[in-house]
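Hi everyone, thanks for coming. I'd like to walk you through one structure this morning, so please have a look at the screen.

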Amino acid sequence: MAADSNVRVSLIGLGRAGGFHLASIRALPGVSLGHVFDVDRARAEAVVAEHGGRIAEDMKQATASADVDAVVVATPTQTHYEYASAALDAGKPVLCEKPLGTDVGQIDHCFARARERGLPLLVAFQRRFDPSFAEVAAAAHAGRVGALQFIRSVSRDNPVPSIDYLRTSRGIFHDCVVHDLDLVCHVAGEVPEQVFAFGSNFVPAIREIDDLDNVVIALRFPSGLLASIDVSRQGTHGYDQRLEVLGTEGMVQAENRPRTTAVLSSREGATHAPIDHSFPTRYFEAYRAEFACFLDCVRGAREVPVTHADVRQNHRLADAAERSAREGRPVRLAEVDPG
Ligand SMILES: NC(=O)c1ccc[n+]([C@@H]2O[C@H](COP(=O)([O-])OP(=O)(O)OC[C@H]3O[C@@H](n4cnc5c(N)ncnc54)[C@H](O)[C@@H]3O)[C@@H](O)[C@H]2O)c1
C-alpha cells in the first residue's frame with residue numbers, strides 16, 4: 001500500500017474501546033470508516049448515522065470484505081482470537097485490543113498467520129504510546145538514571161467497570177495488570193524470571209465472581225532489577241496511573257496530571273483540579289498515537305513495535321502472577337506453560 005493511501009477500516013465492537021478507536025478514525029488523516037459491526041445492531045446503526053461507513057451483516061463481512069484494508073477488533077476479550085484470526089486469514093492487517101488470545105497457543109497462531117502473510121498485527125498496549133511514559137522509557141533506555149535498580153508502576157482504574165464487563169474480562173491480571181507488565185518490561189528491556197503476587201477483593205460483586213480488585217505484584221529480573229506493580233479497580237479519586245524508575249544516577253517519574261494547573265490555596269491548604277476521570281481522557285494522546293502507528297504499519301512505513309515475543313511474554317507473566325496469587329507463593333516464569 002502506498003505511503004499516502006487512504007486506509008478503509010472495519011471497526012468491530014462499538015463499546016468503550018470501540019469509541020476511542022472510532023474517535024481516532026474520525027480525527028486522523030488518511031483513514032476512513034469502512035464497515036462497522038456489533039451484535040447490538042442499534043449501536044451500529046447509531047454509529048453509521050453519525051459517522052458514516054456501512055453496517056457489516058455478519059462476522060465474515062466484517063473481517064473479510066474486499067472494500068476494507070484493515071480490521072480493528074474492540075469486542076469483549078473472549079472473542080478477540082476469533083475475529084483477529086478470521087481477519088488475518090482474509091489477508092487484513094489487524095489492530096486488536098488486549099488480550100489477543102486466551103492462551104499462548106492462540107497468540108502464536110495469530111502471529112504465525114500474520115508473519116506468513118506479511119500482515120501487521122498490533123496488540124493494543126497503548127501505554128507505550130503515552131507521551132509521559134514514553135519519555136520515562138526513553139530516559140531509562142538512554143542511561144539518564146544510570147543502571148536500573150527499581151521500577152514502580154501504579155494503576156487504579158475508575159470507575160469500577162460493570163459486572164457484565166468484569167464477568168468476561170478474563171480477570172484483573174489479564175485485563176489490567178497486563179498493561180503494567182508490558183510497560184515495566186518495555187522500560188526494563190529484560191524479562192522477569194520470578195513473580196510474586198497477592199490479591200484481595202473488597203468489592204462484593206467482584207468477590208462473587210471470584211475475581212480480585214486489588215493486587216500487588218513483585219517482579220525479579222535476571223540482572224537483579226526489581227519491580228513492583230500495584231493495581232486497583234477502585235480509584236475513587238480518579239484514574240491514577242504513575243510510573244517511577246530508580247537508577248544508580250537518579251530517578252525518572254511520570255505523575256498524574258490534574259485537568260488544569262490552577263491551584264486554590266486557603267487556610268486549610270491547597271487544592272487543584274481532580275486527575276483524569278478515566279482511560280478515555282488519560283490515554284487520549286496514546287490511543288491517537290497508537291492508531292497512527294497502526295496506519296504507518298499498514299502502509300509499510302514502520303515495523304510493529306509490540307512484538308510477538310512481547311505479547312506472549314505479557315500473557316505468560318499475567319498467568320504467572322495469577323497463579324502466584326492463587327497459590328500464595330513465588331512463581332518462576334519457567335513454570336508457566338510456554339505454549
Ligand atoms: N486498551 C485499553 O485501554 C482498553 C480500555 C477498555 C477496554 N479495552 C478492551 O477492549 C475490549 C472491549 O472492552 P469495552 O470496554 O469496549 O467493552 P464494552 O462492553 O463497552 O463494549 C463491547 C462491545 O462489543 C459488542 N459485542 C459483544 N459481543 C460481540 C460479538 N461477539 N461480536 C461483535 N460485537 C460484540 C457489545 O455489544 C459492545 O458494543 C476488551 O477486550 C477490553 O479488554 C481496552
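Before I name any domains, a word on where they start and stop: the domain bounds come from an automatic or database domain assignment. For this chain, that assignment gives domain 1 as 7-124 and domain 2 as 127-285 + 314-335. And please keep in mind that what you see is a predicted model.

Let's start with how the two domains meet. The C-alpha centres of domain 1 and domain 2 are 27 Å apart. Domain 1 puts 13 residues into the contact, and domain 2 puts in twelve residues. How much area do domain 1 and domain 2 bury between them? About 1,000 Å², with 62% of it on carbon and sulfur atoms. On the domain 1 side, three residues deserve a name: Arg-16, Thr-77 and Lys-98 supply 45% of the area that domain 1 buries against domain 2, more than any other three residues.

Now for the charged and polar side of that interface. The count of salt bridges between domain 1 and domain 2 is one. In the salt bridge of Lys-98 and Asp-175, the two side chains meet at 3.2 Å, N to O. Two residue pairs are in polar contact across the interface of domain 1 and domain 2, both at pLDDT 80 or more. If you are looking for the secondary structure here, helix H1 (16-27) and helix H5 (104-117) each supply at least two residues of the side of domain 1 that touches domain 2. By class, that side of domain 1 has six nonpolar, four polar and three charged residues.

Stay with Lys-98 for a moment. A cis peptide bond joins Lys-98 and Pro-99, with omega at about -10 degrees. Pro-99 sits in the loop between strand E5 (94-96) and H5. So we have one lysine in view twice: Lys-98 is in a salt bridge with Asp-175, and Lys-98 is also joined to Pro-99 by a cis peptide bond.

There is another cis bond to show you, between Asn-158 and Pro-159, again with omega at about -10 degrees. Where is Pro-159? In the loop between strand E7 (148-156) and helix H7 (163-167). A little further along the chain, Arg-170 has a positive phi of about 75 degrees although it is not a glycine. Arg-170 is in the loop between H7 and helix H8 (171-188).

On to the sheets. One is an open sheet of six strands in the order E3-E2-E1-E4-E5-E6, with parallel pairing. Why do strand E3 (54-55) and strand E6 (121-123) each have one side without a neighbour in the sheet? Both stand at the edges, each with a single partner strand. Inside this sheet, strand E4 (residues 70-73) and E5 run parallel and are joined by three bridges. Val-72 has Leu-95 in E5 as its bridge partner.

The other open sheet I want to show has seven strands, ordered E12-E11-E7-E10-E9-E8-E15, and its pairing is mixed. Here strand E12 (250-254) and strand E15 (331-332) are at the edges with a single partner strand each, so one side of each is left without a neighbour in the sheet. Strand E11 (residues 240-247) runs antiparallel to E12, and five bridges join them. The link from E11 to E12 is a hairpin through two residues. Within that pair, Val-245 stands opposite Val-252 in E12.

There is also a hairpin of E13 and E14, with two residues between the strands. Four bridges join strand E13 (residues 263-266) to strand E14 (residues 269-272), and the two run antiparallel. Leu-264 has Thr-271 in E14 as its bridge partner.

Last stop, back to salt bridges. How many salt bridges does the structure hold? The total is 28. Let me pick out one of them: the side chains of Arg-41 and Glu-57 meet at 3.3 Å, N to O. This pair links distant parts of the chain, 16 residues apart, with Arg-41 in helix H2 (residues 41-51) and Glu-57 in the loop between E3 and helix H3 (59-64).

That's my tour. Thanks for listening, and I'm happy to go back to any part of it on the screen.

Conventions: Residues numbered from 1 in each chain as written. Predicted model: local features only at pLDDT ≥ 70, side-chain atom pairs only at ≥ 80, totals over all residues. Heavy atoms only, no water. Contact = heavy atoms within 4.5 Å. Buried area = accessible area lost by both parts, 1.4 Å probe. Salt bridge = Lys/Arg side-chain N within 4 Å of Asp/Glu carboxyl O. Polar contact = N/O pair within 3.5 Å; in protein donor to acceptor, adjacent residues only side chain to side chain. Nonpolar A, V, L, I, M, F, W, Y, C, P; charged D, E, K, R; others polar. Pairing = 2+ DSSP bridges.
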